[in-house]
Amino acid sequence: MPGRHRNVRRIHPALSAVAAVFAVALVVSGAFIVYDQLAEPGCSGTASLTVAAPAEIAPALKDTAAALSEQQAAVDGACVAVDVVTADPADVAAAVAALRGLSLTGVGQPNGSTQVPDVWIPDSATWLARVTAAAPNTAVQEAPSIARSPVVVAMAEPAAKALGWPNAKLTWPALLQQMTSGTKLKVGIVEPTRDAAGLSGLLALASTANASANAQAATTGALRTLAAGRSVLRQDVLARFPRSTDPAAIASALGAAPLSEQAVIAYNAAKPPVPLAGLYLEPAPIALDYPYAVMPGIDADRQAVASRFLEALREPAFRDRLAKVGLRGPDGSFGAGATTPTGAPEVAQVPSPAASPTAPAATAAVDKVLSTWVAVTLPARMLAVIDVSGSMLTRVATAGGATRAQITLEASRRGLGLFDESWAVGLWTFSTELDGAKDYKQLLPIGPLSSQRTRMLQALGAITPKPDGDTGLYDTILAAYQTVQKDWDPGRVNSVVLMTDGDNDDDNGISLENLLAKLKDTADPQRPIQMIILTIGDVNAEPLQKITKLTGGGVFSAKDPAKIGDVFLKAISLRSAQPGS
C-alpha cells in the first residue's frame with residue numbers, strides 16, 4: 001500500500017532453526033503450550049493485600065498466594081502480593097470490635113499485636129454475626145465460604161467403641177445423659193466464647209437440653225459439666241486425651257470434646273498411641289465454613305486484589321491444598337489426597353441460607369447460649385437490687401396480666417438457678433423511705449450461695465411493692481456501689497445488678513450531678529465494680545448511661561417488660577466489661 005511499510009522483524013537463521021526444531025517437537029508430542037509472558041507483558045509495582053486466617057487454613061492460603069506471585073498475577077498491571085498472617089479469630093474479632101469502642105462477650109480487649117486486615121477469614125461465620133450484632137456498621141456485604149469442616153464429637157477410640165462406634169449412631173440426648181448422669185465420660189470443651197467449634201458443640205447440646213422436660217435444669221447441668229472440663233486453648237483440650245493404651249490412663253483421661261473434623265484429622269496424623277474417633281451426630285452442629293470477608297473501608301485497589309485472590313481460592317488447586325491440611329471445599333467435599341476419618345460423610349452437609357450462622361435466628365441463639373454460658377461459668381460477687389416502688393404493680397398485657405414486679409422476681413429466680421455454689425450474692429429492695437429514712441433495705445447481705453440459696457429464694461418470694469412508694473434511685477445506686485466496694489473480692493467479678501421501671505423521683509435524695517461526682521471520687525480502676533442497670537418499660541436511659549460510663553457495666557432495656565428474663569441473662573453475661581467501656 002503506498003506510503004505504508006510493514007515493520008519486518010528479521011530473525012537470525014540459527015534462531016529460526018531452533019524454533020523449527022521446537023515446533024516439530026510440539027507436533028510430535030501432541031502438546032500445545034501457551035507461554036503467558038509472550039502473550040502479555042510482565043507486571044510492575046505491587047498491589048498489596050493483607051489476609052488474616054486461622055493456623056489450620058493458613059498454609060493452603062500461603063501456597064495459593066505464592067503461586068499467584070510466581071505467575072506474576074496482576075491487577076491493573078501491578079503485581080499481586082498477598083500477605084497471609086496467621087491470627088486467632090477471637091483476637092481479630094476483638095480488634096474489629098475495638099475499632100467501634102466495643103467488646104464481645106468473653107473475648108475482651110484486643111491483645112495489642114493483632115491488626116485489622118484487609119480480608120478476614122475466620123473459621124466460622126458466627127464470628128461475623130457476633131461482630132455485626134455488636135457493631136452493625138462493621139457488617140460485610142458478602143462473605144462466601146472458601147472451605148468447610150464439620151464439627152464432631154471427638155472421642156478416644158476405646159471410649160467411642162464402648163458406645164458402639166462406628167456401627168451405632170450416638171445421639172445428642174444420649175450424649176447429654178452420659179454427661180450429666182454418669183461419671184465415666186469426662187467431657188471437655190474449648191472456651192466457646194473464643195472458639196467456634198466449642199460454640200457449635202455448645203449450641204447443639206443447649207438445643208438438646210432445651211427440648212427436655214426440665215429445660216433449665218438440663219441446660220444448667222450440661223453447661224456446668226462442660227465448664228468443669230474447659231480450656232482456653234484447643235491444644236490444651238487435645239493434650240488431655242489419653243496418651244497411653246493402658247486402661248487406667250484411658251479411664252482417667254478426657255473422653256470427649258466438640259472439635260472440628262480438621263482437628264481430629266491433624267491429631268491422628270501425628271500417630272498418637274490412642275487415636276481419636278470423630279462422631280458425626282445428627283442434627284449436625286454448625287460447621288466451620290471459613291468465610292472470605294473483605295473488611296469495610298478498604299480502598300478500591302485492595303478490593304480488586306481481594307477479588308483476584310478469591311478467584312484463585314475457587315480453583316481446583318486450592319481444594320487440593322485444603323485436603324492436605326484436613327479441610328473440605330466449600331461444598332463439603334474433599335479434594336485429592338484427603339485423609340477421611342472413619343464414619344465421615346463423603347460430602348458434609350451445607351445448610352440453606354436460612355440456617356446459616358449469620359441468619360437472625362442463629363445469631364439470637366448464639367447470643368443467648370453465650371450469655372447463659374458466661375452467667376453459669378464466671379465466678380461472681382453480686383448485689384441484686386430490685387425496685388419495689390408503686391409503679392412495679394403495673395400489669396403487663398404481654399405477660400398475661402402479671403405485674404412488673406412478678407415478672408422481675410421470676411426472672412431473678414430463674415437467674416439464681418444458673419448460678420453455682422461459687423457465687424456470692426446479696427439482695428436489696430428500694431423505693432422511698434423503705435427502711436426509716438433510707439430508700440433501700442437489705443434483705444440478705446452478700447454471702448455464698450452455698451449457704452444461703454434457700455434463704456435467697458424465700459426472700460424473693462416475700463417481696464411485695466410499696467403501693468405509694470416512689471423511686472429513690474440515685475441514693476440507692478450510691479449506697480449499693482459503696483457496699484460492694486467495701487469488701488471487694490479480687491478473685492471474682494464484683495457487680496451491682498439493679499432492676500427498675502422508673503426514673504429517679506426522690507426530691508429529698510442526692511442529685512445526678514452529686515452522684516456522678518461521688519462515684520468519680522470513689523471509683524478505683526484497680527478494684528472495678530460493674531454497675532448493671534436493667535430498665536423495665538419506658539425509662540430515660542441517658543442519666544443511667546452517664547453513671548455506668550464512670551463505673552463500668554451498662555444499661556439494658558426491656559421495653560416490653562415480658563422480655564426482662566432475656567435482658568437479665570444478657571446483662572449478667574456482660575458484667576466483665578471494663579470500667580469506662
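Let's start in the sheet of this predicted model, where strand E1 (residues 46-53) runs parallel to strand E3 (residues 78-86) and eight bridges join the two. One place to pick up the register is Thr46, whose bridge partner in E3 is Cys79. Zooming out, E1 and E3 belong to an open sheet of five strands, ordered E2-E3-E1-E4-E10 with mixed pairing. At its edges sit strand E2 (74-75) and strand E10 (293-294), each pairing on one side only.

From here, turn to the charged side chains. The structure holds 16 salt bridges. In one of them, Asp331 meets Arg319, with the closest N and O atoms 2.9 Å apart. Because Asp331 lies in the loop between helix H14 (316-324) and helix H15 (360-377) while Arg319 is in helix H14, the pair ties together parts that are 12 residues apart in sequence. Both ends are partly exposed: Asp331 has a relative accessible area of 38%, and Arg319 has 26%.

Another pair is Lys559 and Asp538, whose closest N and O atoms are 3.7 Å apart. This one links distant parts of the chain, 21 residues apart: Lys559 is in the loop between strand E16 (553-558) and helix H21 (564-573), and Asp538 is in the loop between strand E15 (530-536) and helix H20 (542-551). Lys559 and Asp538 are both exposed. Elsewhere, Glu56, Asp195 and Arg234 are joined into one network by salt bridges that share partners.

Finally, have a look at the surface, where Asp468, Asp470, Asp503, Asp505 and Asp507 form a negative patch. Among them, Asp503 is found in the loop between strand E14 (493-500) and helix H19 (512-522), and Asp503 is partly exposed at 39% relative accessible area.

Definitions and conventions: Residues are numbered from 1 along each chain as its sequence is written. This is a predicted model: local features need pLDDT of at least 70, side-chain atom pairs count only at pLDDT 80 or more; totals for chains, interfaces and linings use all residues. Side-chain values use heavy atoms; hydrogens and water are left out. Patches are made of residues with over 30% relative accessible area and no salt bridge: like charges are joined within 9 Å, nonpolar side chains (Val, Leu, Ile, Met, Phe, Trp, Tyr) within 5 Å. Accessible areas come from the Shrake-Rupley method with a 1.4 Å probe; for residues, only the protein chains shown count as cover. A salt bridge is a side-chain nitrogen of Lys or Arg within 4 Å of a carboxyl oxygen of Asp or Glu. Lys and Arg count as positive and Asp and Glu as negative; His and the chain ends are not counted. The place of a charge is taken as NZ of Lys, CZ of Arg, CG of Asp or CD of Glu. Helices (H or I, at least four residues) and strands (E, at least two) are DSSP runs, numbered from the N terminus. Buried means under 20% relative accessible area, exposed over 50%, partly exposed in between (1.4 Å probe, protein chains only). Two strands pair if DSSP finds at least two bridges between them.
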